[in-house]
Amino acid sequence: MRRILASQSPRRQELLRLIYSRFEVVPADADETLPGDMSPREAVEYLAALKAGAVAGTHPHDLVIGADTVVAIDNKILGKPRDRAQAADMLRSLSGRTHEVYTGVAVRSPKGDAGFSVCTEVEFYPLDAHTISWYLETGEYADKAGAYGIQGYGSLLVGAVRGDYFNVVGLPVARLWRELRRLGLWQEAPRD
């Protein structure tokens, strides 16, 4: 049985290597439009299942892992900013406040399926106009939910993290590892 990550995210790939040293990357080709009005938790669980299902459809005899991460404040999802102006708006909305980061994970395999989500609270320091402008100049906000990356320069904006840090990066590996073990998809040795 091959192991497949249904994501091109370099961060997810790096984190999955904590569980498996060898796996393939097969990006999901799926329409990620959310149906109706979903909560952030429902949205990530739906999208993770959609991605995993799309790849499992063409790899039915393999282990497929799909994931999706969103940033939410006041129960409103902040996706990836379309431009610098929208990124600045997002950062202003997060300034001095606590927001949630949700990651949904879906596992599809011949041995069984699993789906779950993890929520982590992230508190930002108050951000003045100069700090926001400086951060935007790094370019790190591009292609990041909520317009920041906690594993890079975005770490300088964060005052506190309550919950799984790796969930904020994009994959709650401790919970995923437990689900894989429960399904008999991970053995103690060899690591890979």
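Okay, let's start with aspartate 143, which sits in the loop between helix 4, residues 129-138, and strand 7, residues 158-162. Keep in mind that this is a predicted model.

What's the phi of aspartate 143 like? It's near 65°, so to speak on the positive side, in a residue other than glycine. As for exposure, aspartate 143 is partly exposed, with a relative accessible area of 49%; the cut-off for exposed is over 50%.

Now, alanine 147 is also found in the loop between helix 4 and strand 7. Its phi is positive too, near 70°, and again we're looking at a residue other than glycine. Is alanine 147 buried or exposed? Alanine 147 counts as buried, because its relative accessibility is 0% and the limit for buried is under 20%.

Let's step back to helix 4 itself. Which of its residues are buried? Those are Ile132, Tyr135 and Leu136. Looking down the axis of helix 4, you'd find its buried residues within an arc of 100°, so they line one face of the helix. And what do they pack against? That would be helix 3, residues 84-94.

Turn helix 4 around, and on the face away from its buried side you meet the exposed residues His130 and Glu137.

One last stop: what follows helix 4? It's glycine 139, and here phi is positive as well, near 75°.

So, to recap the loop between helix 4 and strand 7: aspartate 143 is partly exposed, while alanine 147 is buried.

Definitions and conventions: Residues numbered from 1 in each chain as written. Predicted model: local features only at pLDDT ≥ 70, side-chain atom pairs only at ≥ 80, totals over all residues. Heavy atoms only, no water. Helix = DSSP H or I, 4+ residues; strand = E, 2+ residues; numbered from the N terminus. Buried < 20%, exposed > 50% of the residue type's maximum accessible area, 1.4 Å probe, protein only. Arc of directions from axis to C-beta. Contact = heavy atoms within 4.5 Å.
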